[in-house]
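Dear colleague,

I am handing over the structure below, and after it I set out what was found. Please read the notes with the coordinates open beside them.

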Amino acid sequence: MNIHEHQAKEILKEFNAPVSKGVVIFSISEIKDKIKNLKGDNFVLKAQIHAGGRGKAGGVKLIKNISELETEAKKMMGKTLITHQTGPDGKEVKRLYIEEASEILKELYLSCLVDRETSKIAFISSTEGGMDIEKVAKENPNMIITNKIDLKDEGPSEIDVKKIISIFNFNDKQKKAATKLIKSLYNIIVEKDASLIEINPLIISGSNELICLDAKMNFDDNAIFRRPEIFKLRDLNEEDPTEIEASKHDLAYIKLNGSIGCMVNGAGLAMATMDIIKLYGKEPANFLDVGGGASKEKVAAAFKLILSDKNVKGILINIFGGIMRCDVLAQGVVDAVKEINLSVPLVVRLAGTNFKEGKEILDKSKLKILSAADLNDAAKKIVEAIK
């Protein structure tokens, strides 16, 4: 789960990390009242959307006075920002963040994330803050260092911190501030079940202080049930409506840009299914994992989700029955097809528990369903069917 920058900064403040003072507004009428506690006349106005690259899209403005603030806020509120992370449709700005402007001497990069491969907490540091870190990694990999530390009650040790900040030329005061910040990030990861915290840029201000000028946080969806305070921060306006509907049925669904809808049980099988569709020259329209123990109702809901995408020209169902029974899935498919009046080709490949019974249910339905012997056969048939 993602949250907005202003929400991430509130969490940083809660853990005593250095953050500029700022306020969030949901309408232009709130500006005068909310900025009373901000110092000076220089502000930074930021569009709040769940995507990077806001600055290049006109979503970040340096403001010199209150009159300019109101003018720019009116332009930004309700604007659709299109960045490299939003896709071509962009995202509508429904809230703005106004913070005190900071004098910047140097921009740095610092992030903290769960490294699943090693079961450790990884800290990534770079002197190239404010830039696309993927671009830096590609063009100047020597400008980035990664340090992985074990989960422990006391958090990062003094040696860990020295390694993490070794790329920065900090003075003693900045080293102390960096130590506190690193421990704060570590504690947020552990105590809030965050999966990623990115501070980009982390700046050295005009007074040589460290300040988290921008902040991004992601949280583990599987742990949200025990973090109600984090779940409250969810902004449904920033999520795909279909993915929201999928979450109601406990379905793992991600919308993609292809033409072949996929329904699979198991993430690995789903990835293999999408790969083989691409191998035969088409693109998957979604990732959809119905899970190992899906009911007939859950399968029907998944089927409807796929068909709600207007780009879907055909559907491939690939089920390997283990806990999931093929006959249950087949009945769910038949019920959904009859209810929706399916008008696109459908290919079904069943294997495993009760696959014969499942195939019999599909055959007796007298619906236009193509049966496949294996995954390769299924991919060939659905690609040929939609041509």
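The count comes to 1 cavity of 30 Å³ or more, where a cavity is a set of points, on a 1 Å grid over the protein atoms alone, at which a 1.4 Å probe fits but cannot get out. Grid points are joined across faces, edges and corners, and a volume is the space filled by probe spheres set on the points; by that reckoning the largest cavity has a volume of about 30 Å³. Its lining, meaning residues with an atom within 4 Å of a point, consists of L110, I165, F168, F170, A178, L181, I182, L202 and L210. Helix α6 (residues 172-192) gives the largest share of that lining, 3 residues, and the lining divides into 9 nonpolar residues, no polar and no charged, with Ala, Val, Leu, Ile, Met, Phe, Trp, Tyr, Cys and Pro counted as nonpolar, Asp, Glu, Lys and Arg as charged, and the others, Gly among them, as polar.

Please keep in mind that this is a predicted model, in which local features need pLDDT of at least 70 and side-chain atom pairs count only at pLDDT 80 or more, while totals for chains, interfaces and linings use all residues. Residues are numbered from 1 along each chain as its sequence is written, and side-chain values use heavy atoms, with hydrogens and water left out.

Turning to the sheet, 4 strands form an open, antiparallel arrangement in the order β1-β6-β2-β3; strands are DSSP runs of E of at least two residues, helices runs of H or I of at least four, both numbered from the N terminus, and two strands pair if DSSP finds at least two bridges between them. The edge strands, each pairing on one side only, are β1 (22-25) and β3 (60-63). Strand β1 is joined to β6 (residues 96-100) by 4 bridges, with V24 opposite Y97 and I25 opposite L96. Both faces of β1 are covered, since G22 and V24 on one side and V23 and I25 on the other are all buried, that is, under 20% relative accessible area with a 1.4 Å probe and protein chains only, exposed being over 50% and partly exposed in between.

Finally, L81 lies in strand β4 (residues 80-81) and is buried, with a relative accessible area of 1%. Beyond its neighbours within four places in sequence, L81 is in contact (heavy atoms within 4.5 Å) with residues including A47, I49, T86 and V93.

Best regards

Technical notes. 1 Å grid on protein atoms, 1.4 Å probe; cavity = no way out; pocket = protein on both sides within 12 Å on 5 of 7 lines; lining within 4 Å.
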